[in-house]
Amino acid sequence: MRFGFWPSTAHTWEETLAVGRAAEASGWDGLWLPDHFMPPEGGYGDGTEPPGVEPELLPTQECWTMLAGLAAAVPRVRLGAMVTGNTYRHPAVLAKQAATVDQISGGRLVLGLGAGWQENEHRRYGIAFGTVRDRADMLDEACAVITGLFANERTDFQGTHYRLEGAPLVPKPVQDPLPIMIGGRGERRTIPTMVRWGHEWNGWCTVADMGYFNALIDRLCDAAGRDPATIARSTAVILQLCDSEAQAARLQSRSIGRPVLVGTPAQLVEQVAAYVSAGTDELIIPGFNMSPQQAPEIAERFMTEVVAAL
């Protein structure tokens, strides 16, 4: 299993770089950044926003600019967006960005991509939001556009939402193919799109959820004539590393609306092992509930006290 750390883009570049370097030094396999321009109007609902501050006015760094910086400054780990909102950028422009970051990183980028969901970002910046169906159609077309640009000298594409005429993309990514990760749990559109175009899948999952979606992906691959082993499966899970079983018991009795790993290092070993058994290829730990000062220490402790014991 791989382990990815997901720093918060609410932190400064210097803080994000320090966390990234600490994660790399302690053995993490990947760094992932969220692609948002601001929090939702009501906040993310995870208790991380300071009281009395309008959520939309909180600092939020731009994902792809930060990824380029990390590609140059953190030399070993995989890098990716968790995940890029497809509606924010034309897929030909995004393909060019991704190829450039892959060049800077020496071939370590994963192109995380999703349909987009955060309405207030679209409304505030005048970006068309459309219906759920519109965004699902756009995601499928965008995957076709990006795949064509990565593979061909020139690409022609005539879709409902995107049209390309003899479009080149030079230089190409270092990786061939550059892996595309599709994020989302939509069973009718998102996951079928992932089976058509993706190399990796990600969704917020409990252990039970992971087993369910792995089985679904396997069935869809069989129906499409695709080898299920060609798709890596990952999930994001909030980490609460506890120093005592009493603290763990208190936190385990609370719900934060997201899948969580909660416990002492010994308890976490068992919880992570359950994700391994459920077919998880990468476990991604967000740092949203950690201060910039806490995150490097927690990242190191997780690797040395939990992962090393697996």
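The following exchange goes through the terms used for this predicted model and the values behind them.

Modeller: Some ground rules. Residues are numbered from 1 along each chain as its sequence is written, and side-chain values use heavy atoms, with hydrogens and water left out. In this predicted model, local features need pLDDT of at least 70 and side-chain atom pairs count only at pLDDT 80 or more, while totals for chains, interfaces and linings use all residues.

Colleague: Why does cysteine 221 form no disulfide with cysteine 143?

Modeller: A disulfide is a pair of cysteine sulfur atoms within 2.5 Å. The closest cysteine sulfur to that of cysteine 221 belongs to cysteine 143, and it is 14 Å away, so the two are too far apart for a bond. By this rule the structure has zero disulfides.

Colleague: What makes cysteine 221 count as buried or exposed?

Modeller: Buried means under 20% relative accessible area, exposed over 50%, and partly exposed in between (1.4 Å probe, protein chains only). Cysteine 221 has 0%, so it is buried. Cysteine 242 has 1%, so it is buried too.

Colleague: Why is aspartate 209 called partly exposed?

Modeller: Its relative accessible area is 22%, and that value lies between the two limits, so the label is partly exposed. Aspartate 209 sits in helix 7, residues 207–224. Helices (H or I, at least four residues) and strands (E, at least two) are DSSP runs, numbered from the N terminus.

Colleague: What does aspartate 209 touch beyond its sequence neighbours?

Modeller: Contact means heavy atoms within 4.5 Å. Leaving aside neighbours within four places in sequence, aspartate 209 contacts Arg185 and Trp204.

Colleague: Why does serine 234 get the label it has, buried or exposed?

Modeller: Its relative accessibility is 2%, under the 20% limit, so serine 234 is buried. It belongs to strand 10, residues 232–236. Not counting residues up to four places away in sequence, its contacts include Met181, Trp201, Met210 and Glu282.

Colleague: What makes a set of residues a nonpolar core?

Modeller: The set must be buried Ala, Val, Leu, Ile, Met, Phe, Trp, Tyr and Cys residues joined through side-chain atoms within 4.5 Å. The largest such core has 73 residues, and Trp28, Trp64 and Leu261 are among those with the most contacts inside it. Helix 5 (residues 132–151) gives the most to this core, nine residues. Apart from it lies another core of ten residues, among them Val110 and Ala236.

Colleague: How do you know that a space is a cavity or a pocket?

Modeller: On a 1 Å grid over the protein atoms alone, a cavity is a set of points where a 1.4 Å probe fits but cannot get out. A pocket is an open set with protein on both sides within 12 Å along at least five of seven lines, and lining residues have an atom within 4 Å of a point. The whole structure has one cavity of 30 Å³ or more. The largest cavity has a volume of about 40 Å³. Helix 1 (residues 13–25) supplies the largest share of its lining, three residues.

Colleague: What lines the largest pocket?

Modeller: Its lining has 44 residues, with Trp6, His36, Tyr44, Trp117 and Arg258 nearest its centre. The volume of the largest pocket is about 1100 Å³. Helix 5 gives the most to the lining, four residues.

Colleague: Which helix gives the largest share of the lining of the second largest pocket?

Modeller: Helix 10, with four residues. The second largest pocket has a volume of about 250 Å³.

Conventions
Points joined across faces, edges and corners; volume = space filled by probe spheres on them.
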